[in-house]
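Colleague: I am new to reading protein models, and I would like to learn how one goes from the picture to a careful description. Could we take it feature by feature, with the general idea before the case?

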Amino acid sequence: MKKLIAIAGICLASATAFAETKPSDASLNELLTITDSQKLVDGMWPQVEGMMNNAAKQALGNTSLNGEQQKVMQDANAKIATVFKEEFGYEKLKPMMISIYKESFSQEEVDGMLTFYKSKAGQAVIKKMPLVMQSTMTNVQTQMSTVMPKIQKIQQEAIEQVKAKADKTPAK
């Protein structure tokens, strides 16, 4: 009987040892620090503002704005940017990021990432990622300028079709 209990105990201990452990907050904080996550988040704001400005221009179409109208649009975009920065700033995102990382990665995986990001190749990724993200956002922005008219045309056609199929019988 003692042998059976000992074997069961060893099996249980082995299963626990092989189970993936959730990463510690300390290791996740270190990962976010070493990868310059705050710098990456803060670096996206100019691209977001550029996309907002382009979206506002597209919404207005070919309308030329006078000085006062341009000021109104600039003020509105600045207010929107402020809301985005307040709601999606690094300090607000960090707890969410830690939670997502904790649910997505094991301690062993986080340790591996830390080892990588401390390496020469990892440091190169960290250093160059903001440029990669900026280039990506610029390209997406360019693509959006050609996609948005197509989307607007589809929306307009759908609105016209909905209006054409509207029940012309007056409601009683």
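Modeller: Let us begin with a cut-off that we shall need for helix pairs: an angle of 65 to 115 degrees between two axes counts as roughly perpendicular, while an angle under 35 degrees counts as roughly parallel. Please keep in mind throughout that what you see is a predicted model.

Colleague: Before the pairs, what pattern does the protein follow when it is read along the sequence?

Modeller: The pattern is α-α-α-α-α-α-α-α, and the protein accordingly has eight helices and zero strands. Of its 172 residues, 17% count as buried, and the area that the protein exposes is about 13100 Å², with 62% of it supplied by carbon and sulfur atoms.

Colleague: How should I describe two helices that pack, and at what angle do H7 and H8 pack?

Modeller: In general, two packed helices are described by the angle between their axes and the distance between the axes. Here H7 and helix H8, which covers residues 120-164, pack at an angle of about 85° with their axes 4 Å apart, and they are therefore roughly perpendicular to each other. On the H7 side the contact is made by Phe116, Tyr117 and Lys118, and on the H8 side by Lys120, Ala121, Gly122, Gln123, Val125 and Ile126. Sorted by class, this contact of H7 with H8 has five nonpolar, two polar and two charged residues.

Colleague: And at what angle do the axes of H2 and H7 cross?

Modeller: The axes of helix H2, residues 25-34, and helix H7, residues 107-118, cross at roughly 30° and come within 10 Å, so H2 and H7 are roughly parallel to each other. Their crossing is left-handed. The residues that meet are Ser27, Leu28, Glu30, Leu31 and Ile34 in H2, and Gln107, Val110, Met113, Leu114, Tyr117 and Lys118 in H7; by class, the contact of H2 with H7 has seven nonpolar, two polar and two charged residues.

Colleague: Ser27 is named there; is Ser27 buried or exposed?

Modeller: Residues under 20% relative accessible area count as buried, and Ser27, at 7% relative accessibility, is therefore buried. Ser27 is found in helix H2 and, once its neighbours within four places in sequence are left aside, Ser27 is in contact with Gln107, Val110 and Leu114.

Colleague: What is the relation between H4 and H5, whose axes cross at roughly 140°?

Modeller: The axes of helix H4, residues 45-60, and helix H5, residues 67-88, come within 10 Å and cross at roughly 140°, which makes H4 oblique to H5. The crossing of H4 and H5 is right-handed, and their contact has nine nonpolar, two polar and two charged residues by class.

Colleague: Turning from helices to the backbone, what should I look for in phi, and what is the value for Asp36?

Modeller: Most residues other than glycine have a negative phi. Phi of Asp36, however, is near 55°, a positive value in a residue other than glycine. Asp36 lies in the loop between H2 and helix H3, and with a relative accessible area of 35% Asp36 is partly exposed.

Colleague: Finally, how far apart are Thr136 and Gln47 in sequence and in space?

Modeller: Thr136 and Gln47 are 89 residues apart in sequence, while their C-alpha atoms are 9.7 Å apart in space. Thr136 is found in helix H8 and, with a relative accessible area of 39%, is partly exposed.

Notes
Residues are numbered from 1 along each chain as its sequence is written. This is a predicted model: local features need pLDDT of at least 70, side-chain atom pairs count only at pLDDT 80 or more; totals for chains, interfaces and linings use all residues. Side-chain values use heavy atoms; hydrogens and water are left out. Axes are lines fitted to C-alpha atoms, for helices over the stretch in contact, and angles run from 0 to 180 degrees between N-to-C directions. Angles under 35 degrees count as roughly parallel, over 145 as roughly antiparallel, 65 to 115 as roughly perpendicular and the rest as oblique. A crossing is left-handed if the near helix is turned anticlockwise from the far one by less than a right angle, and right-handed if clockwise. Contact means heavy atoms within 4.5 Å. Ala, Val, Leu, Ile, Met, Phe, Trp, Tyr, Cys and Pro count as nonpolar, Asp, Glu, Lys and Arg as charged, and the others, Gly among them, as polar. Buried means under 20% relative accessible area, exposed over 50%, partly exposed in between (1.4 Å probe, protein chains only). Accessible areas come from the Shrake-Rupley method with a 1.4 Å probe; for residues, only the protein chains shown count as cover.
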